[in-house]
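Student: Hey, got a minute to walk through this model with me? I'd like to start with the overall layout and then poke at some side chains.

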Amino acid sequence: MCILCSDFITQVHWTDQRKESTNGEVIIGEGQRERQRERLKRIQLCNEILTLYKLKIRDWNGSKFILEDAKGNTRIVHDLGVLWHDVQELVGKAINPLDEYLISTMKNKKG
């Protein structure tokens, strides 16, 4: 159990599971390096989107995320499934991840 968040870290959200995982359990040492590498890639992709809202996300101990704005306000994000909810709280308005402006901006970055 994590002392700081009083949470058992034996189950992971589906967005943080390895492709080969079937039951969502984390087994210490087994594929940890690859799981962390994949997690960092997801964080990088999220940050590409979040920069449009002047936010960034970073890893916290391989199990949670820290979402922060330019003013220094932070939120603990338990998994990527609740990320947009926490983004809306920090931004103070409803965010549509399928917004045409967002999608066209992301396409322009890639192209």
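Student: So how many helices and strands does the protein have?

Tutor: There are 3 helices and 3 strands. Keep in mind that this is a predicted model.

Student: Ok, and in what order do the elements run from the N terminus?

Tutor: The order is α-β-β-β-α-α.

Student: What share of the residues counts as buried?

Tutor: The protein has 111 residues, and 32% of them count as buried. As for contacts, take those between residues at least 6 apart in sequence: 30% of them join residues at least 24 apart.

Student: Let's do the strands. How do strand 1 and strand 2 pair?

Tutor: They run antiparallel, with 6 bridges between residues 55–60 of strand 1 and residues 64–69 of strand 2. To pick out one bridge, Leu 55 is partnered with Asp 69 in strand 2.

Student: And what links those two strands?

Tutor: A hairpin turn, with 3 residues between strand 1 and strand 2. Asn 61 sits in that turn and has a positive phi of about 60 degrees.

Student: Is Asn 61 buried or exposed?

Tutor: Exposed, because its relative accessibility is 63%.

Student: Which other residue, one that isn't glycine, has a positive phi near 60 degrees?

Tutor: Lys 54 does. You'll find Lys 54 in the loop between helix 1 and strand 1. Lys 54 counts as exposed, at 63% relative accessibility.

Student: Switching to the inside. Which residues of the largest nonpolar core touch the most other members?

Tutor: That core has 13 residues, and the ones with the most contacts to other members are Leu 50, Ile 57, Leu 67, Leu 83 and Val 87. Helix 1 (32–50), strand 1, strand 2 and helix 2 each give two or more residues to this core.

Student: Why would residues like that end up together?

Tutor: In soluble globular proteins, nonpolar side chains tend to be buried together.

Student: Zoom in on Leu 50 then. What does Leu 50 touch?

Tutor: Leaving out residues up to four places away in sequence, Leu 50 touches Leu 55, Lys 56, Ile 57, Leu 67 and Val 87.

Student: Now charges. How many salt bridges does a search of the whole structure find?

Tutor: The search finds 4. One of them joins Arg 37 and Glu 34, with N to O at 2.5 Å.

Student: Where do Arg 37 and Glu 34 lie?

Tutor: Both are in helix 1, 3 residues apart, which is about one turn of the helix. Arg 37 is partly exposed at 40% relative accessible area, and Glu 34 is partly exposed too, at 27%.

Student: Got one that spans two elements?

Tutor: Try Arg 39 and Asp 59, whose side chains meet at 2.4 Å, N to O. Arg 39 lies in helix 1 and Asp 59 in strand 1, so this salt bridge ties together parts that are 20 residues apart in sequence.

Student: Is Arg 39 buried or exposed?

Tutor: Buried, with a relative accessible area of 0%. Asp 59 is partly exposed, at 23%.

Student: Any more like that?

Tutor: Glu 89 and Arg 75 also form a salt bridge, at 3.0 Å from N to O. That pair links distant parts of the chain, with Glu 89 in helix 2, Arg 75 in strand 3, and their positions 14 residues apart in sequence. Glu 89 is partly exposed with a relative accessible area of 37%, and Arg 75 is partly exposed at 30%.

Student: Last topic: Asp 79. Where does Asp 79 lie?

Tutor: Asp 79 is in the loop between strand 3 (74–77) and helix 2 (83–91).

Student: What is the nearest side chain of opposite charge to Asp 79?

Tutor: That would be Lys 64, 7.3 Å away. Asp 79 is buried but has no salt bridge, because a salt bridge needs the nitrogen and the carboxyl oxygen within 4 Å.

Student: So what does the side chain of Asp 79 reach?

Tutor: The backbone nitrogen of Gly 81, at 2.9 Å.

Definitions and conventions. Residues numbered from 1 in each chain as written. Predicted model: local features only at pLDDT ≥ 70, side-chain atom pairs only at ≥ 80, totals over all residues. Heavy atoms only, no water. Helix = DSSP H or I, 4+ residues; strand = E, 2+ residues; numbered from the N terminus. Buried < 20%, exposed > 50% of the residue type's maximum accessible area, 1.4 Å probe, protein only. Lys, Arg positive; Asp, Glu negative; His and termini not counted. Polar contact = N/O pair within 3.5 Å; in protein donor to acceptor, adjacent residues only side chain to side chain. Pairing = 2+ DSSP bridges. Core = buried A, V, L, I, M, F, W, Y, C linked by side-chain atoms within 4.5 Å. Contact = heavy atoms within 4.5 Å.
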